Amino acid sequence: MSRFTDALDAHLVNEFSASQQYIAIAVWYDDQTLPQLARHFYRQAVEERNHAMIIVQYLMDAEAHVTIPGVPAPRLEFTDPIEPVRLALEQEKEVTTQIEALAHIAREEGDLVGEQFLAWFLREQREEMASMADLLRTVERAAETNILLAEDYLARESIGDGGESADAPPAAGGAI
Ligand SMILES: [Fe+2]
Ligand SMILES: [Fe+2]
């Protein structure tokens, strides 16, 4: 066991929680009959789940502890269609800080494989923060007149990479 793999194991809850929060957001939008926003977050939820399973695979390969965690209850209630995206952007920023901290531990421990593994996550976080910021701008702009403009926009344009990343590390059980 190393300090790095222990910290990585402890990070699993953050990825699974992100996934659960995105499911909650997707269902909220779905309930509001905003299917494109719902679709975006259903997909994000799967992406976060895949992040967790990539870490699970890494920990197994490293013969380290793998602890599949319970997750705290996600936020379920929102007052307007902008709030969920604000929360999502905050969450992405937090996860970026967490991954950066993990990368520092890998470096301190001289764990070169671990450090290299996290390089993909750091790039992924940059992409996710940028696309969530784009989505926030889109939703804010649409909300000034009619939120359905955001639905039209999402039906035409895709925001983010849709979970496609050719160089993603392998996920336990396969990415979905
Ligand atoms: Fe993630
Ligand atoms: Fe994310």
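**Exercise 1. Helix α3: length and surroundings**

Work out how the span of helix α3 in this predicted model compares with the expected span, and what covers its buried residues.

*Solution.* Start with the ends: α3 runs over residues 83–108, which is 26 residues. From the first C-alpha to the last, the helix reaches 38 Å, close to the 38 Å expected at 1.5 Å a residue.

Next, pick out the buried positions: P84, V85, A88, Q91, E92, V95, I99, L102 and A106. A reminder helps in reading such a list: an α-helix has 3.6 residues a turn, so residues three or four places apart point the same way.

Now look at the cover over these buried residues, which includes α1 (3–31) and α4 (112–143). Finally, step past the end of the helix, where G110 follows with a positive phi, near 65 degrees.

**Exercise 2. K93: buried, partly exposed or exposed?**

Classify K93 by counting the C-beta atoms around it.

*Solution.* First, locate K93: it sits in helix α3. Then count: 15 other C-beta atoms lie within 10 Å. A buried residue needs 20 or more and an exposed one has 12 or fewer, so K93 is partly exposed. For a distance to try in your viewer, take P169, 76 residues away along the chain; its C-alpha is 22 Å from that of K93.

**Exercise 3. Two helix pairs**

Decide how α1 is oriented relative to α2, and α3 relative to α4.

*Solution.* Two packed helices are described by the angle between their axes and the distance between the axes. Take α1 and α2 to begin with: their axes come within 8 Å and cross at roughly 165 degrees. Angles over 145 degrees count as roughly antiparallel, so α1 is roughly antiparallel to α2. The crossing is left-handed.

Turn to α3 and α4, whose axes are 9 Å apart at an angle of about 165 degrees. This makes α3 roughly antiparallel to α4, and their crossing is left-handed too.

**Exercise 4. α1 and the nonpolar core**

Check the length of α1, then find which residues of the largest nonpolar core touch the most other members.

*Solution.* The 29 residues of α1 should span 42 Å, and the 43 Å between its end C-alpha atoms agrees. Just after this helix, T33 has a positive phi of about 55 degrees.

On to the core, which has 35 residues: I25, A26, Y29, L37, F41 and I55 touch the most other members. At least two residues of this core come from each of α1, α2 (35–61), α3, α4 and α5 (148–156). Zoom in on A26: leaving out neighbours within four places in sequence, its contacts are A38, F41, Y42 and A45.

Definitions and conventions: Residues numbered from 1 in each chain as written. Chains lettered and ligands numbered in written order. Predicted model: local features only at pLDDT ≥ 70, side-chain atom pairs only at ≥ 80, totals over all residues. Helix = DSSP H or I, 4+ residues; strand = E, 2+ residues; numbered from the N terminus. Expected span 1.5 Å × (residues − 1). Contact = placed C-beta atoms within 7 Å. Core = buried A, V, L, I, M, F, W, Y, C linked by C-beta atoms within 7 Å. Axes fitted to C-alpha atoms, helices over the stretch in contact; angles between N-to-C directions. Parallel < 35°, antiparallel > 145°, perpendicular 65-115°, else oblique. Left-handed = near helix turned anticlockwise from the far one by under 90°.
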